[in-house]
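Thanks, everyone, for making the time. I would like to walk you through one structure this morning, going slowly from individual side chains to the way the larger pieces are put together.

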Amino acid sequence: MIDRGRTAQMLVDLIQVSHTANLEALPRLVADHLRSVDLHDGAMFVVDLQDRVMRQVTGRGLDAGEGGAELRVDGTLPGRAWQRVESLAESGSRQGRRRWWTPITDGVERLGVLRTDVAEDERPQRVLGEVASVLALLLLGKRSFSDSYARLVRSAPMNVAAEMQMNLMPPPAYAGHNVTVGAVLEPAYDLGGDAFDFALAGSTLHLAVFDAMGHDTAAGITANVAVAACRNARRQGATLAEASRAVERTLLEQFGTKRYVTGILASLDTESGVLTWVNRGHHLPLLIRGRRVSTPLSCPPAGPMGTGLGLPVTVCRDQLEPGDRVVLYTDGVVEARDAHGEEFGKDRFIDYVQRHHSGGFTLHETLRRLMRAVLDHHAGRMDDDATVLLAEWRGGHQDDLVP
């Protein structure tokens, strides 16, 4: 019988010894500590950047994964545990033990899965969830300065623009303060000028998407400058209009009028549901309410940031209802074309989000499947960056947050 008291102490001990350990040391430390509380053959797997495969962290080789197993996200039990965010057991047993797969998540960011063998008469879901939560913190604490982790989660060479973007943007998932936020961006290894951003300040959720001119390293630099300028202004108390002007001013100082970005800058009051936003020459946000799509949110556009057109910046406000989902996106999503030249299109995009999210998938799993559909429509190769940032306001129903 798994003793929860012993397990809790084991986790404290594991945290303490991990403080000075690098990523390569974690597999052995984790396996040894789990074994001490009758959780056998423990192993961690981390998901790749495109959420297609999960690779075992072995601690060996340049990517800390040499000799480890690779699991597909689609079509496997471990993949299903990761997609559904719940512990799942394999059928049958081996030597009186049953193998369990448990998602490793930081809040709602799905990092990978934990493999453990447990006595077949145990029902260890709660304990395994607690263990996986601690492992998520350990992985997060090591990955920010680990090239091994960066190598392990990549399946192809990455261009310089993508390298910049991946280190610039926030994690792709968040839940709390009456909201759930999810984001996806493709192509993961050959990005040009797309970027997203979100952050909390008290009860205010800041949201932004940017689409820089071009699809090269210069576009990536432009997007980086835009995000940094926006954050800098925001953190000094600037309004949305002021922040967009600060982005414009910074781009003009750096590039003249040779480089520009379109974008949406928004803030959501997580208590009242009031969405405030400005449109800098970008696609209008979409509002999904219940099982229908409201008319796209409307706001007079100012010029793209960096063009110096001097157009007035209009601040618009909309009142959300509990359960509303606001979708910010870039043109690469709807303009992806198949072999016959047919665009993926806005209607198909919204229908996909609607059907899958209302069908019981988490918001983040919905976005993963959406981007798979966009890539498949475009034969797996994007000609333009495609970004989706989706925020769901729960309207005070914090306990009902869907990860």
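Let me begin with a definition: a charge is said to sit over a ring if NZ of Lys or CZ of Arg is within 6 Å of the ring centre and within 35 degrees of the ring normal. With that in mind, and remembering throughout that this is a predicted model, please look at Arg-348, which lies over the face of Phe-344 at 5.3 Å from the ring centre. There is also Arg-110, which lies over the face of Trp-82, here at 3.8 Å from the ring centre.

Staying with rings, the structure holds 3 aromatic pairs. One of them is formed by Phe-196 and Phe-198, which are stacked, with 6.5 Å from centre to centre and 10° between the planes. Are these two rings buried or exposed? Phe-196 is buried, with a relative accessible area of 4%, and Phe-198 is buried as well, at 10%.

That brings me to the sheet, in which 5 strands are arranged in the order β9-β10-β11-β12-β15, open and with antiparallel pairing. Its edges are β9, residues 194–201, and β15, residues 316–319, each of which pairs on one side only, and the twist from one strand to the next averages 15°. Within the sheet, β10 (residues 204–212) and β11 (residues 261–269) pair in the antiparallel sense over 9 bridges, and, to pick out one position, Ala-208 has Leu-265 in β11 as its bridge partner. Lying across β11 and β12 is helix α8, residues 240–255, which runs at about 25° to β12.

Next, the interior. The largest nonpolar core has 54 residues, and Leu-207, Phe-210 and Leu-389 are the ones that touch the most other members; its largest share, 7 residues, comes from helix α7, residues 217–234. Leaving aside residues up to four places away in sequence, the contacts of Leu-207 include Phe-198, Leu-265 and Leu-389. Apart from the largest core lies another, of 33 residues, among them Met-10, Leu-11, Ile-104 and Val-153.

Finally, why do I describe helix α2, residues 26–35, as largely enclosed by the rest of the structure? Because 7 of its 10 residues are buried, including Leu-26, Pro-27 and His-33. The buried residues of α2 pack against two helices, α1 (4–18) and α4 (125–143), and against the strands β1 (40–47) and β6 (109–119).

How values were computed
Residues are numbered from 1 along each chain as its sequence is written. This is a predicted model: local features need pLDDT of at least 70, side-chain atom pairs count only at pLDDT 80 or more; totals for chains, interfaces and linings use all residues. Side-chain values use heavy atoms; hydrogens and water are left out. Rings of Phe, Tyr and Trp (its six-membered ring) pair if their centres lie within 6.5 Å; planes under 30 degrees apart count as stacked, over 60 as edge-to-face and the rest as tilted. Buried means under 20% relative accessible area, exposed over 50%, partly exposed in between (1.4 Å probe, protein chains only). Two strands pair if DSSP finds at least two bridges between them. Helices (H or I, at least four residues) and strands (E, at least two) are DSSP runs, numbered from the N terminus. Axes are lines fitted to C-alpha atoms, for helices over the stretch in contact, and angles run from 0 to 180 degrees between N-to-C directions. Contact means heavy atoms within 4.5 Å. A nonpolar core is a set of buried Ala, Val, Leu, Ile, Met, Phe, Trp, Tyr and Cys residues joined through side-chain atoms within 4.5 Å.
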